[in-house]
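This note is a colleague's reading of the structure shown below, set out as numbered points for a student new to such models. Please keep the structure open while reading.

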Amino acid sequence: MRPDFILTLSCPDRTGIVYRVSGLLFDAGCNILDAQQFGDEESGRFFLRVHFDTADKGDVPGVRTRLQALGEEFSMHWELHDARRRARLLVLVSKQGHCLNDLLFRTHSRQLKVDIAGVVSNHADFSALASSYGVPFHHLPVDADNRAQQEQQIIDLVERERIDLVVLARYMQILSPRLCQALAGRAINIHHSFLPSFKGAQPYHQAHARGVKIIGATAHYVTSDLDEGPIIEQDVARVDHAMTPRDLVQLGSDTESQVLARAVRRHVEHRIVLNGHRTVVFR
């Protein structure tokens, strides 16, 4: 099979962008397999994702050099990725393991094109689960006194294991601004989504007490603004009067797992381009 790559870019919208990019790839002997584009009238920016392959001895360094020149001409932010490379994940979890279990299974069954390089937890509960999949487990307890040291251990793991994406799979700790900055653009969080919003302990029990009719989940990039990072994926599930708090917890856990898995897939397939505080997510 011919080597294939994914180009993503954003720039101020103007005529000729697609023409110039496709011409550049044609001149380099590349073949476009798929292309998606979006022009945002509100921000005035243009977004493009191109999946292309090359001959066995395709001039990929030459493509990068030409893209650099084109990027300067069009004020582009662009990235070029090897489509065959498997992303390396570090999963953070506390005492709720549904999202972790789902990611481990999807990875093991090759539903997700990733390698989970390790699991980090401030509790030891899921050591056996990680070990059953052959994934290293790192028990890193955290409290007010050692938070800075514990977060440095996470940063060291990210660097040592060449981590592409950190996934907060119900990791119930607030990350410091320093850690958020270190992981900017490569950390995804999952949390429940309710209307009205229920904060604190046992949100599903609070939702049941209020008689909600819809529960949901949101996956977003991690920023120093708690739970306000750019949204990647969301979903909802219907609730009825016969459901117990336990039913809501189970339904919410399923929804969270599915939403997080879709968000991870979108990221590792390079389908997400930031648009200010929002995202463009190509399907």
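1. The model discussed here is predicted. Helix α3, residues 98-108, is a convenient starting place: this helix lies across β5, β6, β8 (165-168) and β9. Its direction runs at about 155° to that of β6.

2. The strands under α3 deserve attention next. Strand β5 (residues 87-93) and strand β6 (residues 114-121) run parallel and are joined by seven bridges. One pair can be located by residue: R88 has D115 in β6 as its bridge partner.

3. These strands belong to an open sheet of seven strands, ordered β7-β6-β5-β8-β9-β10-β11, and the pairing in this sheet is mixed. At its edges stand β7 (137-139) and β11 (231-238), each of which pairs on one side only. On average, neighbouring strands of the seven-stranded sheet are turned by 20° against each other, direction ignored.

4. There is also an open sheet of four strands, in the order β2-β3-β1-β4, with antiparallel pairing. Its edge strands are β2 (31-40) and β4; each has a single partner strand, so one side of each is left without a neighbour in the sheet. Here the average turn between neighbouring strands is 10°, direction ignored.

5. Within the four-stranded sheet, β1 and β4 run antiparallel and are joined by six bridges. S10 has H77 in β4 as its bridge partner. When tracing such strands, the student may recall a general point: side chains in a regular strand alternate between the two faces of the sheet.

6. Two helices accompany this sheet. Helix α1 (residues 17-27) packs on it and touches β1, β2 and β3 (45-53), with a direction that makes about 20° with that of β3. Helix α2 (residues 60-74) lies across β1 and β4 and runs at about 165° to β4.

7. A hairpin is formed by β12 and β13, with two residues between the strands. Four bridges join β12 to β13 (residues 278-281), and the two run antiparallel. L274 stands opposite T279 in β13. G276 in this hairpin takes a positive phi near 70°.

8. Which residues lie nearest the centre of the largest pocket? They are R170, M172, H191, H192 and D227, out of 36 lining residues. The elements giving two or more residues to this lining are β9 (187-193), α7 (203-210) and α8 (245-268). Of these, β9 gives the most, with five residues. The space in the pocket is about 860 Å³, and its lining divides into 15 nonpolar, 15 polar and six charged residues.

9. The second largest pocket holds about 620 Å³ of space. It is lined by 20 residues, and E79, H81, H267, H270 and I272 are the closest to its centre. Two or more lining residues come from each of β1 (4-12), β4 (77-82), α8 and β12 (272-275). The largest share, five residues, is from β4. By class, the lining has nine nonpolar, seven polar and four charged residues.

10. Finally, the whole protein may be considered. Its secondary structure comes to eight helices and 13 strands. The radius of gyration is 21 Å, close to the 19 Å that the globule rule gives for 283 residues, so the protein is as compact as a globular protein of that length. Along the principal axes, the C-alpha trace spans about 60 × 40 × 35 Å.

Methods:
Residues numbered from 1 in each chain as written. Predicted model: local features only at pLDDT ≥ 70, side-chain atom pairs only at ≥ 80, totals over all residues. Heavy atoms only, no water. 1 Å grid on protein atoms, 1.4 Å probe; cavity = no way out; pocket = protein on both sides within 12 Å on 5 of 7 lines; lining within 4 Å. Points joined across faces, edges and corners; volume = space filled by probe spheres on them. Nonpolar A, V, L, I, M, F, W, Y, C, P; charged D, E, K, R; others polar. Pairing = 2+ DSSP bridges. Axes fitted to C-alpha atoms, helices over the stretch in contact; angles between N-to-C directions. Contact = heavy atoms within 4.5 Å. Rg over C-alpha atoms; globule rule 2.2 N^0.38 Å.
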